[in-house]
Structures are given as structure tokens and as C-alpha cells.
Amino acid sequence: MTRPPLRAVRRAVQIGVALVMAAVPFANAKGVNWISGNFLALDALGLPLGDPLAAAQVALSARELARPAALGACLALGLALVLGPVFCAYACPYGLLSEWTHALSRRLGRVRAGRFPRKGLSARTLLATIGLAAVGVFGLPPLLNFLSLPAAYSRLWQYAVSGFFWLPVLAVPALLLVEGLCGVRLWCRFVCPQSVLLALSHRLAPWGLRTTFTAGRCRCGRDDRACLAACSLALDPRRKAPPAACTNCGDCVEACRERGGALRFALGRRREGPGESGSTRPADGS
Amino acid sequence: MPDGHLLRPPGARDEDAFLRRCVQCGRCAQLCPFGSIFLETGFDPRTSGTPRIDPRRTPCWLCMRCPPACPTGALRPVAEMAKADMGRAWLDKARCSTYEGSVLCKTCHEKCPLRNTALIMDMGMFPVVTDACVGCGVCESVCPRQAIVTLPRASLSRDADGGAA
């Protein structure tokens, strides 16, 4: 029995999450309440899950944080600590739309490497830091939640149940159009503040799941790199750099499978096995 | 809504403290069995997505299921109706049928979840809103003359000396 490709599994999970989150407000309206909330704070079967950035804003602004929010944030950060920011690759509905837009863009020949700087995580971290500082110093409401596109997706359905249409959600198709024209996943790479704490959390755990590169197994040439072409975030898995921006989507691993399998998932820093030459190093994460 | 303040769900903290804590998850609205709570729309990142109640649309029936659903404590986990503390009803006697003398109407009193404490009948006829009113908005929603307005607590604290009566 052949194993289903990781990409197919990932797509199924992404679409499943998007469908479930769209159905939640309608299910709640029918009295089905075992799951409720949105991507900012969710409760499923009594298990709280929440956006750590939303919880951090409340903690900084109100100088306290209720237990469910704290627990939900800790669970999300704990998951990211071990598995990396997999929320971005496996659950975020905007990530799914952005990936589809990027794929279409690629087919239309609009994707070109080197068009934008690689230091996307730095830009996102700066935005998140400024936002958190402003909220904490001035005691503001959690303003960064307004930039949460997964939450915007959830809200669209939450408003729909009440008979409203939330106009700000129109920014999403506009943003996707811009990303499609640029051929770059702008929001996920340079703006999204919600992914920052997840990425930083993963950075704290050297034993967490990572894509590792074994140079001795790589059959690609210098300018023929299937892994780089496969990464929609334009990360180079073969470069030695901080891995924080990698979402562990596995697209590079899939692309590399037929080319020697130099890229693999491993916990921590993978050691070279017998017969393998060259270096091992974590994937790039600009 | 008077002064632009919003009527918040039961147990809501003071407006500033509420806004600092509310993460706009919408759980309170989703778990409300009456559909009384809906999320504020608009482009204002401070209030957009926060829960509110419009009594003329659907009032709060004080089932008290929303406070424990709040994950951040923006809604204090109160369980008693009498502690909902959302605001207070204000009765315009000039519009009330009973005070006007046209019809003896007791609709507000009959529907009030805190009947005989929040809303009493003076001389058995004239409705009077007391300090025990929590501002659920039921009386406003059922008043056939639209003589009652529910004032959010935030607007009461700004204008502590007047209005509600």
C-alpha cells in the first residue's frame, strides 16, 4: 500500500479545517456547542486553543490573563515548540488561499526568485513587537487581532449567522490579487504577526521537528533545485540559516524525495548515518 | 445607542477593561441560545468583532450562559441574573400608554426577567424602573410604544446623575 503524499494529506487537513471553522457558527446556532470560537480563541470538547499573540496582548494590556486563554496559548505554543509553526501550513485558511494563488501565479509565470528580500520574519517580528509594545504601554485593546486573517475568515461566518457582512474581509481577496500579481506570498512572508510567536517558540526547541539537509545525498545541481522551486515561501532548504520561518509544510521534502532524499523531517539535528557523506544542517528560514 | 456606547453581554467589565480583555473570539455570541449577542461590525479595530446586544433586535433573556464561555475574563463569570450589570432601562413616561392614560399596559412588567425587583408597578399600575435593573433590554423589546430605552452601563457611568429612572 502506497503512502499518500504529504502534500495531499496537508491539503486535506487545510480544507477540512476551513470547512469546520466555517460550519462552527452555524452548528452553534443549531445548538451544537462542543466546539465554539474562532482562530483567536477556540474551545473544542473542553480543550482551549488560542492565538498566543491575542493572549499576549490581553496579558500586556490588562496585566492579567484568565486561565482558559493562558492554557489555550500555551497549548498552541507547545505544539509549535515541537512541530514548528505547522498552524500556518496545515490549518490557516488564508495560507491555503495564498498557496493556491501562488500556484496559479506560478502557472502564469509570475513567480520569479529573488524579487523580494528574504528577511521576511524580521519584518513580521518588528510589526508584532511594535504592536505588543503599543498595546502594553498604552493599555490598548488587542489591535493586532484585526490583522489576523484566519480570524477574519472565521468572522466572515460568524457574521453571516447574524445576518451581517463584515466589510473589512474584502481586504482578503484584494490582498490575494496583489499576491497573485506579484507572485509572492506577501502577507505570510512579511506581515502576518500571528505566526511570529509560533516561529520563535519553535526556535527555542533545538529538539523540535525540522527539515534537515544531507548534502551527500543531494543530486541536484547548483541552479537546478527542486526544493527551492517547491517552497512557496521562497526559503532555500539547503542554505545554512535560522530555520524559524519554515512552517514544516514538507513541500521541499516531497520535491526532494525523487532526487536522493537529501531533505527529510527529523527531530532536532539529524545525525548522518553510515554511508552518507557531506554535511547535515537545518533548513533555511530567512 | 446613546453616546455611541454599546450594550455588552452580562458580566461585562467596565468598557475600557472589557475592550482590553476581549479577544473578539465570538464565543459568547455563538453560545447564546437566543441569538441576542452579535458581533460589532465596522473598521474600528478596537470594537470590531466585540459582542453587543441590540434590544430592539433581540434582547438578552439573562440565561447567563455567555459569561463562563469567555476565555479571557472580559465577561466576569457571574451566574446570577441580578448581577448581570449591563446597564439600565430608561422609561419615557410621556410615551408610556399607562402614564399617558390611554391604555393600562403592563407588558414590560410581565416580561421582565427580574419582575418586581428591577421593574415594579407603582400603585399596581405605573411601571417604575428600580436600581435593581440590569439592562437586559427585554422591556425595551416588548414595549408596544417604544417608550423604553436601555442605556449601556458605560453611558450611565459617564452621566451618573441622570437618565435612568
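This is a short conversation about how to read some features of a predicted model with chains A and B.

Colleague: I'm new to this one. How do I start with two helices that pack together?

Modeller: Two packed helices are described by the angle between their axes and the distance between the axes. Try H2(A), residues 52–62, and H6(A), residues 120–138: their axes come within 8 Å and cross at roughly 30°.

Colleague: Are H2(A) and H6(A) roughly parallel or roughly antiparallel to each other?

Modeller: Angles under 35 degrees count as roughly parallel, and H2(A) and H6(A) are therefore roughly parallel. Their crossing is right-handed.

Colleague: Which residues meet there, on H2(A) and on H6(A)?

Modeller: From H2(A) you have Leu53(A), Ala56(A), Gln57(A), Leu60(A) and Ser61(A), and they meet Ala128(A), Leu132(A), Val135(A) and Gly136(A) of H6(A). By class, this contact of H2(A) with H6(A) has six nonpolar residues, three polar and no charged. As you look at the list, keep the general pattern in mind: an α-helix has 3.6 residues a turn, so residues three or four places apart point the same way.

Colleague: And how does H2(A) pack with H3(A)?

Modeller: The axes of H2(A) and H3(A) are 8 Å apart, and the angle is about 140°. That makes H2(A) oblique to H3(A). The crossing of these two, H2(A) and H3(A), is left-handed. On the H2(A) side, Pro52(A), Ala55(A) and Val58(A) make the contact, and on the H3(A) side Ala69(A), Ala70(A), Gly72(A), Ala73(A), Ala76(A) and Leu77(A) do. Eight residues of the contact of H2(A) with H3(A) are nonpolar, one is polar and none is charged.

Colleague: What about H10(A): how many of its residues are buried?

Modeller: Helix H10(A), residues 194–203, is mostly covered, with eight of its ten residues buried. Among the buried ones are Val196(A), Leu197(A), Leu198(A) and His202(A). H2, H3, H4 (86–90) and H6 of chain A are included in what covers them.

Colleague: Let's move to strands. How do I read a sheet?

Modeller: In a regular strand the side chains alternate between the two faces of the sheet. Here, chain A has an open sheet of three strands in the order S1-S2-S3, with antiparallel pairing. S1 and S3 of chain A are the edge strands, each pairing on one side only. Neighbouring strands of this sheet are turned by 15° against each other on average, direction ignored.

Colleague: How are S1(A) and S2(A) joined?

Modeller: By a hairpin, through two residues. Four bridges join S1(A) to S2(A), which run antiparallel, and Ala41(A) in S2(A) is the bridge partner of Asn38(A). S2(A) and S3(A) also pair in the antiparallel sense, over four bridges. Look for Leu42(A), which stands opposite Leu49(A) in S3(A).

Colleague: Which helix lies across S2 and S3 of chain A?

Modeller: That's H3(A), and it runs at about 70° to S3(A).

Colleague: How do I describe where the two chains touch?

Modeller: The size of an interface is often given as the accessible area lost when the parts come together. For this model you can count residues: the contact takes 34 from chain A and 23 from chain B. Elements of chain A that each supply at least two residues to that side include H1 (6–29), H2, H3 (67–83) and H7 (149–162). The side of chain A that touches chain B has 20 nonpolar, twelve polar and two charged residues.

Colleague: And in chain B, what is worth a look?

Modeller: Backbone angles, for one. Most residues other than glycine have a negative phi, and most peptide bonds are trans. Gln24(B) is not a glycine, yet has a positive phi of about 65°. You'll find Gln24(B) in the loop between H1 (15–21) and H2 (27–31) of chain B. Asn116(B) also has a positive phi, near 75°, and sits in the loop between H4 (107–111) and S4 (119–122) of chain B.

Colleague: Is Gln24(B) buried or exposed, and is Asn116(B) buried or exposed?

Modeller: Gln24(B) is buried, with 28 other C-beta atoms within 10 Å, whereas Asn116(B) is exposed, with 11 other C-beta atoms within 10 Å.

Colleague: What is Pro51(B) in contact with, leaving aside its neighbours within four places in sequence?

Modeller: Arg8(B), Pro9(B), Cys28(B), Ala29(B), Ile37(B) and Leu39(B). Pro51(B) is in strand S2 (residues 51–53) of chain B and counts as buried, with 28 C-beta neighbours inside 10 Å. Cys28(B) is 23 residues from Pro51(B) along the chain, and their C-alpha atoms are separated by 7.4 Å.

Note on methods. Residues numbered from 1 in each chain as written. Chains lettered and ligands numbered in written order. Predicted model: local features only at pLDDT ≥ 70, side-chain atom pairs only at ≥ 80, totals over all residues. Axes fitted to C-alpha atoms, helices over the stretch in contact; angles between N-to-C directions. Parallel < 35°, antiparallel > 145°, perpendicular 65-115°, else oblique. Left-handed = near helix turned anticlockwise from the far one by under 90°. Contact = placed C-beta atoms within 7 Å. Nonpolar A, V, L, I, M, F, W, Y, C, P; charged D, E, K, R; others polar. Buried ≥ 20, exposed ≤ 12 C-beta atoms within 10 Å, placed from the backbone. Pairing = 2+ DSSP bridges.
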